[in-house]
Amino acid sequence: MPDLPNSRSLLRGLMIAAFGAALAYLFFGEHRVHLLGYLPFLFLLACPLLHMTMHGRHEGHGGHGHPPDPANPGDRTPPQQPQS
């Protein structure tokens with residue numbers, strides 16, 4: 001029976017995946033209290049990141065594809081200066 005290199009690498013990959021899964025299971029089982037205790041702080045730390053990514057290049061709230069609201073003065077774009 002020939003020794004196939006693909007079967008050997010597949011077996012090695014499966015062994016690494018099984019070891020990683022067992023390690024993750026044991027780590028979560030032993031440290032669940034610590035991980036869940038830090039969960040509210042992770043949400044608070046995610047807020048600035050989400051704020052920066054959702055606003056893009058800090059162009060404000062205008063320009064989302066809707067016309068400016070005349071009732072909201074903060075939604076208007078400033079008038080353009082005439083070019084000389």
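**Note on a predicted two-helix chain**

1. Leucine 45 has a relative accessibility of 62% and therefore counts as exposed, since the cut-off for that word is over 50%. This residue is placed in helix α2, and the model in which we see it is a predicted one.

2. Leucine 45 also belongs to a nonpolar surface patch of about 910 Å², whose other members are Leu36, Tyr38, Leu39, Phe41, Leu42, Phe43 and Leu44. Helix α2, which covers residues 39-55, supplies the largest share of this patch, namely 6 residues.

3. For the chain as a whole, the secondary structure consists of 2 helices and 0 strands. Of its 84 residues, 1% count as buried, a word that is kept for residues with under 20% relative accessible area. The accessible surface comes to about 8300 Å², and 69% of that surface belongs to carbon and sulfur atoms.

4. In the other helix, α1, which runs over residues 5-37, one finds serine 9. Its relative accessible area is 42%, so serine 9 is described as partly exposed, a class lying between the limits for buried and exposed.

5. Which backbone oxygen does the side chain of serine 9 reach? The partner is the backbone oxygen of asparagine 6, and the distance between the two is 3.0 Å.

Key
Residues are numbered from 1 along each chain as its sequence is written. This is a predicted model: local features need pLDDT of at least 70, side-chain atom pairs count only at pLDDT 80 or more; totals for chains, interfaces and linings use all residues. Side-chain values use heavy atoms; hydrogens and water are left out. Helices (H or I, at least four residues) and strands (E, at least two) are DSSP runs, numbered from the N terminus. Buried means under 20% relative accessible area, exposed over 50%, partly exposed in between (1.4 Å probe, protein chains only). Accessible areas come from the Shrake-Rupley method with a 1.4 Å probe; for residues, only the protein chains shown count as cover. Patches are made of residues with over 30% relative accessible area and no salt bridge: like charges are joined within 9 Å, nonpolar side chains (Val, Leu, Ile, Met, Phe, Trp, Tyr) within 5 Å. A salt bridge is a side-chain nitrogen of Lys or Arg within 4 Å of a carboxyl oxygen of Asp or Glu. A polar contact is a pair of N or O atoms within 3.5 Å; within protein, one must be able to donate a hydrogen and the other to accept it, and residues adjacent in sequence count only if both atoms are side-chain atoms.
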